[in-house]
Amino acid sequence: MTTVDPEFAAEQAKEARKARLFTRINAADKWFQVLGLAWLTPILKAAAGDNPKAQMGEIWRLAIVPVIAIAGFLLLWGTLAPKVQTSLGAVPGPQQVWTEAVKLHEDAGAKADKKAKFEEMVEKRNARLIEQGKADQVKSVAYTGAPSYYSQIWTSIKTVFFGFLIATIVAVPLGIAAGLSKTANAGLNPLIQIFKPVSPLAWLPIVTMIVSATVTSNDGLFSKSFLISAITVTLCSLWPTLINTALGVSSIDKDLVNVSKVLKMNTWTKITKLVLPSALPLIFTGLRLSLGVGWMVLIAAEMLAQNPGLGKFVWDEFQNGSSSSLAKIMVAVFTIGIIGFMLDRVMYALQSLFTFTNQR
């Protein structure tokens, strides 16, 4: 009977546990990449004993260097800002901007409480009228108070996603057609080359006039201001998706095209089974670019058209001209940047779920 050395067995069990741990870390690394937390992977690997020296190099590159860069930026900002004088006073430093961010948060909470009290008052009034047998006098009263900072953020996010969705619905089928057919590509290419460089500031007056002529009131599903901003986003953001979709479809392996001919696939089966799976990485690249373009376009459109959202908040503060206006504008700038990063991470998460690309 063969006996097993207890020390050898314990060592083998230890190695097996370590291997399982590394497998979990590698699996989690995919989502760390999606969330922008790639620096966590080398920290976990170093803690698990996987070549600590090599992992320290990764920690330095992915975590420490970015922290040093951010700290250097804040130090430079804090040093130079007081030396730059504007019509509203000195440029606010990091401390003043943070203070205004806290105030905006507190103001949003106060406005939310005020809105809740108003809605509760209306509800009680309607309930009292019903008890008195005056149900015909019951009516809903919209809250007309000033929107909070968070509500303006939410308005901008809803608008950009609506415009982006419409752009995707238009761009992906057109891109597939352009990628599969040289004739369709010849027809679409001149339009793409002409309209792709057009600024949102040029589209906005046209969209405004058309929407104002076709939408006579704000009582419908969408308000005029929402449609104006969303359609402007659509017109400016569909081109990256269209171009990348056409490129992805036209670049699929020719052997796959030959297989579809041998199997006598119909057009729908060919697109869903062969074309889309092969072109998805480039399609998602186009979607990520389109969403980024749409977010930038939206802020400009809201500023120019005075439509509700972050762009209008920036413009209102610029026009306000108070001592805290510049700090509030800078809070909005950081907010816009952070939300833009988060939108890109959302698209990258979807890309990771549906494709095998390692693009980041």
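## A buried threonine in helix α8

T241 lies in helix α8, and in this predicted model it counts as buried, because its relative accessibility is 1%, where buried means under 20%. Its side chain takes part in a polar contact of 2.7 Å with the side chain of S290, while a polar atom of the T241 side chain also lies 3.2 Å from the backbone oxygen of G286.

Once the neighbours within four places in sequence are left aside, the residues in contact with T241 are A171, V172, G286, L287 and S290. G286 and S290 therefore appear both in this list of contacts and as the partners of the T241 side chain described above, with T241 itself buried at 1% relative accessibility.

## The nonpolar cores

The largest nonpolar core holds 40 residues, and those that touch the most other members are Y149, V160, W295, L310 and I339. Two or more residues come from each of the helices α4 (94-131), α5 (149-180), α8 (224-250), α10 (267-305), α11 (310-320) and α12, and the greatest share, 11 residues, is given by α10.

I339 offers a way into this core, since it is one of the residues that touch the most other members; apart from neighbours within four places in sequence, I339 is in contact with I153, I157, W295 and L310. A second core, separate from the one just described, has nine residues, among them A167, I192, L242 and A246.

## A nonpolar patch on the surface

On the surface, I70, F73, L74, F334, I338, F341 and M342 make a nonpolar patch of about 680 Å². The elements that give two or more residues to this patch are α3 (52-80) and α12 (325-354), and α12 gives the most, with four residues. Helix α12 is thus named both among the elements of the largest core and among those of the surface patch.

L74, one of the patch residues, lies in helix α3. With a relative accessible area of 37%, L74 is partly exposed, and it can therefore belong to the patch, because patch residues must have over 30% relative accessible area.

## An unusual backbone angle at Q306

Between α10 and α11 there is a loop that contains Q306, a residue that is partly exposed, with a relative accessible area of 31%. Most residues other than glycine have a negative phi. The phi of Q306, by contrast, is near 60 degrees, a positive value in a residue other than glycine.

Note on methods:
Residues numbered from 1 in each chain as written. Predicted model: local features only at pLDDT ≥ 70, side-chain atom pairs only at ≥ 80, totals over all residues. Heavy atoms only, no water. Patch = residues over 30% accessible without salt bridge, like charges linked within 9 Å, V, L, I, M, F, W, Y side chains within 5 Å. Areas by Shrake-Rupley, 256 points an atom, 1.4 Å probe, with all protein chains shown as cover. Salt bridge = Lys/Arg side-chain N within 4 Å of Asp/Glu carboxyl O. Buried < 20%, exposed > 50% of the residue type's maximum accessible area, 1.4 Å probe, protein only. Core = buried A, V, L, I, M, F, W, Y, C linked by side-chain atoms within 4.5 Å. Contact = heavy atoms within 4.5 Å. Polar contact = N/O pair within 3.5 Å; in protein donor to acceptor, adjacent residues only side chain to side chain.
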